[in-house]
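Me: I am new to this structure and would like a close look at a single part of it, the aromatic rings and what surrounds them. Please take me through that part in one connected answer.

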Amino acid sequence: MTHLAQLNIGRLKAPLDNPSMKEFADFLDPVNRLAEGSDGFIWRFTDDEGTPSSYLHTPFSSDDLLVNFSIWRDLESLKNFTYRTVHSYFLKHRTKWFEKMERHHLVLWWVKEGHIPSLNEAKKRLDHLQAKGPSPYAFDFKHVFSSVDVKDNE
């Protein structure tokens, strides 16, 4: 059985403690808790203290980059959370808080049940999508590949 991994990154327009970021910062923890309670949610990257993944960690080396990295049961579960909850408000208004990314900022890929990818693996998938375009190895919401397209060695 497979699950869906997702990584998305965003370059902040200002630090999270800047008044212009207050609305986004105030909802960061509640939206993350909503994700964790959503049907189909499996795992979310956090630091050793359980702080949300929305703080920069290696391998992305930039103080203004937020990282969101999670695993979902399937594509429909992730879509339900992304587009049919309060999360959709922040997605629609992201230009208030995030710079426009010139490169891919989201990547999806299938993982075997029980596998928790590393951030390095996630970055490798994002880089692959950027360099080679969508494939069963790395894709996006516009170009989805079935989990049956995934080979055992991917």
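Reply: F81 has a relative accessible area of 8%, and because buried means under 20%, F81 counts as buried in this predicted model. Its ring partner, W72, is also counted as buried, at 1% relative accessibility. The centres of the W72 and F81 rings lie 5.5 Å apart with their planes at 20°, and since planes under 30 degrees apart count as stacked, this pair is a stacked one.

That pair belongs to a wider set, for the structure holds 15 aromatic pairs. Another of them joins F24 and F98, whose ring centres are 5.2 Å apart and whose planes stand at 90°, an edge-to-face arrangement. F24 lies in helix α1, whereas F98 lies in the loop between α3 and β4, so this pair ties together parts of the chain that are 74 residues apart in sequence. F24 is buried, with a relative accessible area of 11%, and F98 is counted as buried as well, at 16%.

F24 and F98 also take part in a cluster linked by ring pairs, together with F27, Y89, F90 and W97. If neighbours within four places in sequence are left aside, the residues in contact with F24 are L16, L66, F90, W97 and F98.

From these rings one can move on to the nonpolar interior. In soluble globular proteins, nonpolar side chains tend to be buried together. Here the largest nonpolar core has 22 residues, and F24 is one of those with the most contacts inside it, along with L4 and L108. The elements that each give two or more residues to this core are α1, β3, α2 and β4, the last of which spans 106-112. Helix α1 gives the most, with four residues. Separate from this core is a second one of 17 residues, which includes A5, L119, A122 and A138.

Helix α1 appears again where the model leaves open space. The largest pocket holds about 1200 Å³, and of the 39 residues that line it, N8, L91, R94, H105 and L106 are the closest to its centre. Two or more lining residues come from each of β1 (2-11), α1 (22-37), β3 (65-72), α2 (75-84) and α3 (87-92). Once more α1 gives the most, this time with six residues. By character, the lining of the largest pocket divides into 18 nonpolar, 13 polar and eight charged residues. Helix α1 therefore gives the most both to the largest nonpolar core and to the lining of the largest pocket, and F24, with its edge-to-face partner F98, lies in that helix.

Definitions and conventions
Residues are numbered from 1 along each chain as its sequence is written. This is a predicted model: local features need pLDDT of at least 70, side-chain atom pairs count only at pLDDT 80 or more; totals for chains, interfaces and linings use all residues. Side-chain values use heavy atoms; hydrogens and water are left out. On a 1 Å grid over the protein atoms alone, a cavity is a set of points where a 1.4 Å probe fits but cannot get out, and a pocket is an open set with protein on both sides within 12 Å along at least five of seven lines; lining residues have an atom within 4 Å of a point. Grid points are joined across faces, edges and corners, and a volume is the space filled by probe spheres set on the points. Ala, Val, Leu, Ile, Met, Phe, Trp, Tyr, Cys and Pro count as nonpolar, Asp, Glu, Lys and Arg as charged, and the others, Gly among them, as polar. A nonpolar core is a set of buried Ala, Val, Leu, Ile, Met, Phe, Trp, Tyr and Cys residues joined through side-chain atoms within 4.5 Å. Buried means under 20% relative accessible area, exposed over 50%, partly exposed in between (1.4 Å probe, protein chains only). Contact means heavy atoms within 4.5 Å. Rings of Phe, Tyr and Trp (its six-membered ring) pair if their centres lie within 6.5 Å; planes under 30 degrees apart count as stacked, over 60 as edge-to-face and the rest as tilted.
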